[in-house]
Amino acid sequence: MPPLDDLAFFQRLARAGSLTATARELGLSLSAVSKRLKQLEARLGVALATRTTRRLTLTAEGELYLARGGAILEELVELEETLADQRAELSGPLRINATFGFGRRHVAPLLSAFCRRHPRLEAALELSNFPVSLADQGFDIGIRVGEPPDSRLVARRILANRRILCASPGYVATMPALESPADLAAHPCLVLRENASDYALWRFERRDGPREEQAVKVSGPLASNDGEVIRRLTRDGHGVALRSWWDVHQDLAAGQLVEVLPGWRGVRADFHAVYDQRRHVPLRIRAFIAYLEQEMAGRVPPVTRPTTTGESST
């Protein structure tokens, strides 16, 4: 096989993580994938990986071949995309990762409209409970809440957002006093379970006066790893939840939920589109992020004033 084909094959193999997964992705037999890897190693004169049918572990030489080979392939793709950019016609693959709730409600309809304008795109939106590594999973764009911790990623804010402490009107009518974040210890808190911990850490900042932040460990008898479930439990009056404004603003406007704890608010949790730093960012990536920025521009949290039980969402 030509060297570039070998590089692409090995990159696919390393990303899949096993011979079996690679065979499934390429539509080949397991023996054909194993044979091709052996031929590649024979041509290079080094072992690139130790493997079983279920798992593949790169050797030091394999890591080097993957890293340097990946850079070569990326430069070739960038060269071709630069030439394609001159035609100003969007085409090629566009892989996006987002969380389930935000991805379904916001990213999916915008991606649909964008692809209708640019039918030559080959787009895929994959949703997950938690963010995934763009490089390891081969994604072009990730939609993240908060500032991304990886400094190697470029972040563009697409939606201003805060987390809102809220509960149902029925729960508010009978709930214990709630005057500061510390009082949440006396309330059943509906926790979005993001790890194996028995509690969640909710962060707040004082709305007026000197800047002050508080972080409170909360827990409760009901929890879920899905934000939509937490929203439903909150509307059903099971306790207090800390949810993103974009997730609950319609419930607040309809009176199904009310914001509680006057004088405090959740910290900023803006949404960003993130992508890997590179010399040339393909036009399709730049264009879709610009489209997200444009279409999300008006979807910002309202400025609210405290009331006796919480704050109006309008």
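1. Helix α3, which covers residues 30–44, is a convenient place to start: its 15 residues reach 22 Å from the first C-alpha to the last, close to the 21 Å expected at 1.5 Å a residue. The model is a predicted one, and the values in the points below should be read with that in mind.

2. The sides of α3 can be told apart by their exposure to solvent. Val33, Ser34, Arg36, Leu37, Leu40 and Glu41 are the buried residues of this helix, and, seen down the axis of α3, they fall within an arc of 160°, so they line one face of the helix. On the other side of α3 the exposed residues are Ser31, Lys35, Lys38 and Ala42. Just after the helix comes glycine 45, which takes a positive phi of about 80°.

3. For the chain as a whole, there are ten helices and 15 strands, and 42% of the 314 residues count as buried. Among contacts with a separation of 6 or more, those between residues 24 or more positions apart account for 73%. The accessible surface of the chain comes to about 16,700 Å², with 51% of that area belonging to carbon and sulfur atoms.

4. One example of residues separated in sequence involves helix α7 (residues 169–174), where valine 172 lies. The C-alpha atom of valine 172 is 8.0 Å from that of valine 260, although the two residues are 88 residues apart along the chain. Valine 172 has a relative accessibility of 14% and therefore counts as buried, since the cut-off for that class is under 20%.

5. The count of salt bridges in the model comes to 20, and arginine 231, in helix α8 (residues 227–235), deserves a close look among the residues that form them. With a relative accessible area of 10%, arginine 231 is buried. Its salt bridge with glutamate 228 has the closest N and O atoms 2.8 Å apart, and both residues lie in helix α8, three residues apart, or about one turn of the helix. Glutamate 228, by contrast with its buried partner, is partly exposed, at a relative accessible area of 37%.

6. Arginine 231 also forms a salt bridge with aspartate 251, the closest N and O atoms being 2.7 Å apart. This pair links distant parts of the chain, since aspartate 251 is in helix α9 (residues 245–254) and arginine 231 is in helix α8, 20 residues away. Both aspartate 251 and arginine 231 are buried.

7. Leaving aside residues up to four places away in sequence, arginine 231 touches Arg105, Asp247, Val248 and Asp251. Salt bridges link Arg105, Glu228, Arg231, Arg235, Arg243, Asp247 and Asp251 in a network, and the two pairs described above can be placed within this network.

8. Another salt bridge joins the side chains of glutamate 205 and arginine 211, at 3.7 Å from N to O. The two partners differ in their exposure: glutamate 205 is buried, with a relative accessible area of 8%, whereas arginine 211 is exposed, at 66%.

9. A nonpolar patch on the surface is formed by Leu4, Ile72, Leu76 and Leu79, which together have about 330 Å² of accessible area. Helix α4 (residues 60–85) gives the most to this patch, contributing three residues. Isoleucine 72 is found in that helix, α4, and is partly exposed, with a relative accessible area of 46%.

Note on methods:
Residues are numbered from 1 along each chain as its sequence is written. This is a predicted model: local features need pLDDT of at least 70, side-chain atom pairs count only at pLDDT 80 or more; totals for chains, interfaces and linings use all residues. Side-chain values use heavy atoms; hydrogens and water are left out. Patches are made of residues with over 30% relative accessible area and no salt bridge: like charges are joined within 9 Å, nonpolar side chains (Val, Leu, Ile, Met, Phe, Trp, Tyr) within 5 Å. Accessible areas come from the Shrake-Rupley method with a 1.4 Å probe; for residues, only the protein chains shown count as cover. A salt bridge is a side-chain nitrogen of Lys or Arg within 4 Å of a carboxyl oxygen of Asp or Glu. Helices (H or I, at least four residues) and strands (E, at least two) are DSSP runs, numbered from the N terminus. Buried means under 20% relative accessible area, exposed over 50%, partly exposed in between (1.4 Å probe, protein chains only). Contact means heavy atoms within 4.5 Å. The expected span of a helix is 1.5 Å times one less than its number of residues. The arc is that of the directions from the helix axis to the C-beta atoms.
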